[in-house]
Amino acid sequence: MESQNIMFVVLAVIVALGSLMTVMSKSIVRAATYLLVVLLGTAGLYFLMGYTFLGSVQTMVYAGGVIVLYVFAILLTRGQTDKAGKTNGAVTSWGLLLALAGVVGTLAVVCTATWHVVAEIGKPSETTNSITMDTVGHNMISTEHLGYVLPFEAVSVLLLACIVAGIVIARKR
Amino acid sequence: MIQIEYILVLSAIMMFAGVFGFMTRKSTLAILLSIELMLNAANINFAVFNRMLYPQGHEGYFFAIFTIAIAAAESAIAIAIMINIYRQLKNIDVDELTKMKW
């Protein structure tokens, strides 16, 4: 068994169990902590794929920023005393039914489709061009084919609007 | 060798765990956590399709980066709204939020 396979199995178990515990645990602080585990495991998956910049962004923005924001918000509202509470039995069974139907449907599609896999993970291949910081930077501000300057500018305007709106909404009146 | 199906099954489990949480949780913050799970599952799919099926392109990679940025912005605004609602109503459960204006 190769080291990549062992790493993938470990990460997959962590991510799957963590995402189930995120939605199952009663305390919201615990749910946020399990979500942190899931996001770090996802960053590990990106590193395993060789997408190191994406993994770093995932670690910094999600695990470092968003989860801290959530924990602050949870503690600013009701904190640990805020349990998930008694959930309606009918709602729970509907949710379970919907989730199971979705998983089964997705599994059916995934297992019956034929995937034309070009580049295997863990096998060095000449068709794989590794995406480096250089590529990311050049494509992000390029206006040519496969350039992303318009989405980049749109996201920066979105972030500016988000900063202003966050201050306006949450300020004391 | 890691097959593409394994990663897709993993992201399907994550996605529908998020759907289950979205349907069943009472607190709006827990619902937002479930939304983050769903966005993360979609990100994994973008990255793995880019990596294994179209390794000569960059589309999935950049979509994942932009999705992360938009998800961060969305959760910041949603949390600001939740804090404002809590300040007014002292409660953020979805069953208690029945009015938009106060």
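At what angle do helix H3 (residues 52-77) of chain A and H2(B) pack, and how far apart are their axes?

**Entry 1, the helix pair.** I kept in mind that this is a predicted model, and I looked up the pair in question: H3(A) and H2(B) pack at an angle of about 175°, with 11 Å between their axes. Because angles over 145 degrees count as roughly antiparallel, I noted H3(A) as roughly antiparallel to H2(B).

**Entry 2, who touches whom.** I then listed the residues that make this contact, and found that H3(A) contributes Leu54(A), Val66(A), Tyr70(A), Ala73(A), Ile74(A) and Thr77(A), while H2(B) contributes Leu29(B), Leu33(B), Glu36(B) and Ala47(B). Sorted by class, the residues of this contact are eight nonpolar, one polar and one charged.

**Entry 3, H2(B) by itself.** I checked the length of H2(B), whose 25 residues reach 36 Å from the first C-alpha to the last, close to the 36 Å expected at 1.5 Å a residue. I also asked how covered H2(B) is, and found that 20 of its 25 residues are buried, so I wrote it down as mostly covered.

**Entry 4, the whole contact between the chains.** Stepping back, I found that 77 residues of chain A and 58 residues of chain B take part in the contact. On the chain B side, the elements giving two or more residues are helix H1 (4-24), helix H2 (28-52) and helix H3 (59-89) of chain B, and H3(B) supplies the largest share, 20 residues. By class, I recorded 44 nonpolar, nine polar and five charged residues on the side of chain B that touches chain A.

Methods:
Residues are numbered from 1 along each chain as its sequence is written. Chains are lettered from A and ligands numbered from 1 in the order in which they are written. This is a predicted model: local features need pLDDT of at least 70, side-chain atom pairs count only at pLDDT 80 or more; totals for chains, interfaces and linings use all residues. Two residues are in contact if their C-beta atoms, placed from the backbone, lie within 7 Å. Ala, Val, Leu, Ile, Met, Phe, Trp, Tyr, Cys and Pro count as nonpolar, Asp, Glu, Lys and Arg as charged, and the others, Gly among them, as polar. The expected span of a helix is 1.5 Å times one less than its number of residues. A residue is buried if 20 or more other C-beta atoms lie within 10 Å of its own, exposed if 12 or fewer, and partly exposed in between; C-beta atoms are placed from the backbone. Axes are lines fitted to C-alpha atoms, for helices over the stretch in contact, and angles run from 0 to 180 degrees between N-to-C directions. Angles under 35 degrees count as roughly parallel, over 145 as roughly antiparallel, 65 to 115 as roughly perpendicular and the rest as oblique.
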